[in-house]
Amino acid sequence: MANVVVVGAQWGDEGKGKIVDWLSERADVIARFQGGHNAGHTLVIDGEVFKLAALPSGIVRGGKLSVIGNGVVLDPWHLMKEIAQIRTQGVVVSAETLMIAENTPLILPIHGELDRAREAQNSVAKIGTTGRGIGPAYEDKVGRRSVRVADLGDEKTLALRVDRALVHHDALRRGLGLEPVDRDALLNSLREIAPAVLEYAAPVWKVLNEKRKAGKRILFEGAQGALLDIDFGTYPYVTSSNVIAGQAATGTGVGPGTIDFVLGIVKAYTTRVGEGPFPAELNDADGQRLGERGHEFGTNTGRKRRCGWFDAVLVRQTCATSGVNGIAFTKLDVLDGFETLKICTGYELDGERLEYLPTAADQQSRCTPIYEEMPGWSQSTEGARSWADLPAEAIKYVRRVEELIECPVALLSTSPEREDTILVTDPFAD
């Protein structure tokens, strides 16, 4: 059976939550493979809104196994609050429906404190972090000083892990003017949360490989977007993990041959949150209109998103780095009513045309967009469930996007409701 990876192909906020939820009906397992609770998903199901950050989107679907893979960094206190909240909405969360990889690194309170302190004192260039400790937690992972889920089950190992981390963190805190970490208080907090976390702990790599051999369908869910990838994003204004599709294998413990289809989620225009280059950004009435119509505010942070026309250069680039087989095109309805639409088809840099975003930060900041104009449409596309429901101009816009990004549309989303989706190619088809 086919296994599918879902990745955001822009700067995040593309509507992955709805698409993953829509696909999860066809999947047996939904596995989150990177990121932390800084990237929120909003699901709208039969009019009810579910807001998730740490939990995989598939958790709202009964009879499915949701997995938090080792590529994630996990705040256990936030997770328990999220579980408690979603249970009040009637969602069943148990060891049968949720599994956490034993080798998942934990986000500790000291990570958030360090994150916020560094951002506050960064006089050179702010990264735009959410301050939730994701970056410092990944730093500890590669620095071999993380507390991992499995460590919660052994008192001696837990103390050793905390002591190793504090040698590093207390030195940093002194330089930032922060008080030393209260070791005993931190250990007590971890001891208290341990039973609740360990209830869901399992060798995820083993379970997923067994599921695959049994012919079960696995849906791999990423957070953020490929333009925030630590290697291929707009560095240093990126997240602290690999976001592209290849991370699905590393972040869950399956081989790359497990992946059969990569679905890139692409918004019909472009947005980003926080700092960093954005060649097609609009600081005018059109940008304001896109933001208002698209309700462009962060699920977790409430931060206003910067808006711009669709950037085909960036999406073509991310489709290449993630090996995208087809895209899910979302928020087409936000473009309803625009008399003229623009698509960025290239950049001008120092008098030359570029067909890709350069790596050097200075060059990225100096790229100006080259636009192609297309007629808009006055009819509503909201809620369309077939091509016949779309205006001719909207179909032409979608087809032009396919040509420019060199990748076909597999799904077309026309509202936050899960059923308002036009299926062109089923990613799970064998």
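A residue counts as exposed when its relative accessible area is over 50%, and as buried when that area is under 20%. By this criterion Glu403 is exposed in the present model, which is predicted, because its relative accessible area is 52%. Glu403 forms a salt bridge with Arg400, with the closest N and O atoms 2.8 Å apart. Arg400 is partly exposed, at a relative accessible area of 24%. Both residues belong to helix α12 (residues 392-405), and because they are 3 residues apart, about one helical turn separates them.

Over the whole structure, 24 salt bridges were found. Asp163 and Arg183 are joined through their side chains in one salt bridge, with an N to O distance of 2.5 Å. This pair connects distant parts of the chain, since Asp163 lies in helix α5 (residues 155-176) and Arg183 in helix α6 (residues 183-198), 20 residues apart. Asp163 is partly exposed at 30% relative accessibility, and Arg183 is likewise partly exposed, at 31%. A salt bridge also links Glu14 to Lys16, the closest N and O atoms lying 2.9 Å apart. Glu14 has a relative accessibility of 0% and therefore counts as buried; Lys16, at 4%, is also buried. A network of salt bridges connects Asp13, Lys267, Glu296, Arg305 and Lys331.

Lys16 is among the buried residues of helix α1, as are Trp22 and Ser24. Helix α1 (residues 16-24) is largely enclosed by the rest of the structure, because 9 of its 9 residues are buried. The face of Trp22 is covered by Arg26, at 4.0 Å from the ring centre. A second arrangement of this kind involves Arg399, whose charged end is placed over the ring of Trp387 at 4.6 Å from the centre.

Turning to aromatic contacts, the search of the whole structure returned 5 aromatic pairs. One aromatic cluster is made up of Phe310, Phe329, Trp377 and Tyr397.

Phe329 also takes part in strand pairing, where its bridge partner in strand β17 is Leu412. The pairing of strand β13 (residues 326-330) with β17 is parallel and extends over 3 bridges. β17 pairs in the antiparallel sense with strand β18 (residues 421-423), again over 3 bridges. In this second pairing, Leu411 stands opposite Leu423 of β18. Strand β17 (residues 409-413) has 5 of its 5 residues buried and is therefore largely enclosed by the rest of the structure.

Key
Residues numbered from 1 in each chain as written. Predicted model: local features only at pLDDT ≥ 70, side-chain atom pairs only at ≥ 80, totals over all residues. Heavy atoms only, no water. Buried < 20%, exposed > 50% of the residue type's maximum accessible area, 1.4 Å probe, protein only. Helix = DSSP H or I, 4+ residues; strand = E, 2+ residues; numbered from the N terminus. Phe/Tyr/Trp six-rings, centres within 6.5 Å; stacked < 30°, edge-to-face > 60°. Lys NZ or Arg CZ within 6 Å of the ring centre and 35° of its normal. Pairing = 2+ DSSP bridges. Salt bridge = Lys/Arg side-chain N within 4 Å of Asp/Glu carboxyl O.
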